[in-house]
Amino acid sequence: MAQRYVRVKTKKGQTYYGKLQLDRSVQVLDAPPWLDGTETDLVLEVDDYLLLAPCAPSKIIAVGKNYASHAAEMGSEVPKEPLIFLKPPSSIIAHEQVIYYPKQSQRVDFEGELAVIIGDRTKNCTIEEAKSKIWGYTIANDVTARDLQKKDGQWTRAKGFDTFCPLGPWIVRELTSGARLETIINDEDTPKQSALLEDMVFSAPEIVAHISQIMTLLPGDVILTGTPEGIAPMQIGDTVSVEIESIGVLTNTIEAMPD
């Protein structure tokens, strides 16, 4: 099993990065792993920590319509270059935390995606250089208020609500060849989404290189690489799970936005 890198909070409120062990204990690092964090003597047992989102980025850059099948279901052409937008870091939640259904929307969709973690300051890089700038991979759900997206004509509100970026549960360094993404609602037998990551129109290095021509990427920044076809609304009470082979499963439940 590939090494899994996590970010956790102790019962005393301390936040650490670490390596998840097979017994679910965490070997604490003295810095984020992409900043050359090394092992300390501190080991947290499974009852001693809460799993957080695996990084705390300065920004989240997302890519729209990066699978031809999804572009088709949205009634549009495949973009000629990566179509990017931003989600606020305040939208991030961890594995098993709650997605809140905002009162302003009548349709909130899931969008299962591969997420890329940047490991080094990146500006104006080539596609080949971008390969070394990608430190690792995790799973994301680009939750979207679809009715507000159509109403506004741009995507900031629809994709920017608090809790609209589940991320995790951990980071791995490599992906296996032929890895598949699937999104499942309420443990149904048939996935709502199922696609090979290699079906993306623009690869992760192509996306990183493109974004780096626009803005400087910092260590720990997150890029969401797009969702395949099969998007559908979620209902209050639903559980949504996004699974990517070689990473794991990101699971969250949907609740009404509290007053």
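**Backbone and burial exercises**

At 71% relative accessibility, D187 counts as exposed, where exposed means over 50% relative accessible area, buried under 20% and partly exposed in between, with a 1.4 Å probe and protein chains only. The model is predicted, with local features needing pLDDT of at least 70 and side-chain atom pairs counting only at pLDDT 80 or more, while totals for chains, interfaces and linings use all residues. Residues are numbered from 1 along each chain as its sequence is written, and side-chain values use heavy atoms, leaving out hydrogens and water.

**Exercise 1.** Locate D187 and state the sign of its phi.

*Solution.* Begin with the loop between β15 (180-185) and β16 (193-196), which holds D187; helices (H or I, at least four residues) and strands (E, at least two) are DSSP runs numbered from the N terminus. Then read phi, which for D187 is near 60 degrees, a positive value in a residue other than glycine.

**Exercise 2.** Determine whether T163 is buried or exposed, and place it in the chain.

*Solution.* T163 has a relative accessible area of 8% and is therefore buried. Its place is in the loop between α4 (156-160) and β14, and the phi of T163 is near 80 degrees, again positive in a residue other than glycine.

**Exercise 3.** Identify the peptide bond that joins G168 and P169.

*Solution.* The bond is cis, with omega about 0 degrees, and P169 belongs to strand β14 (residues 165-172).

**Exercise 4.** State how many residues of helix α5 (residues 204-212) are buried.

*Solution.* Seven of the nine are buried, leaving the helix mostly covered; among them are I207, V208 and I211.
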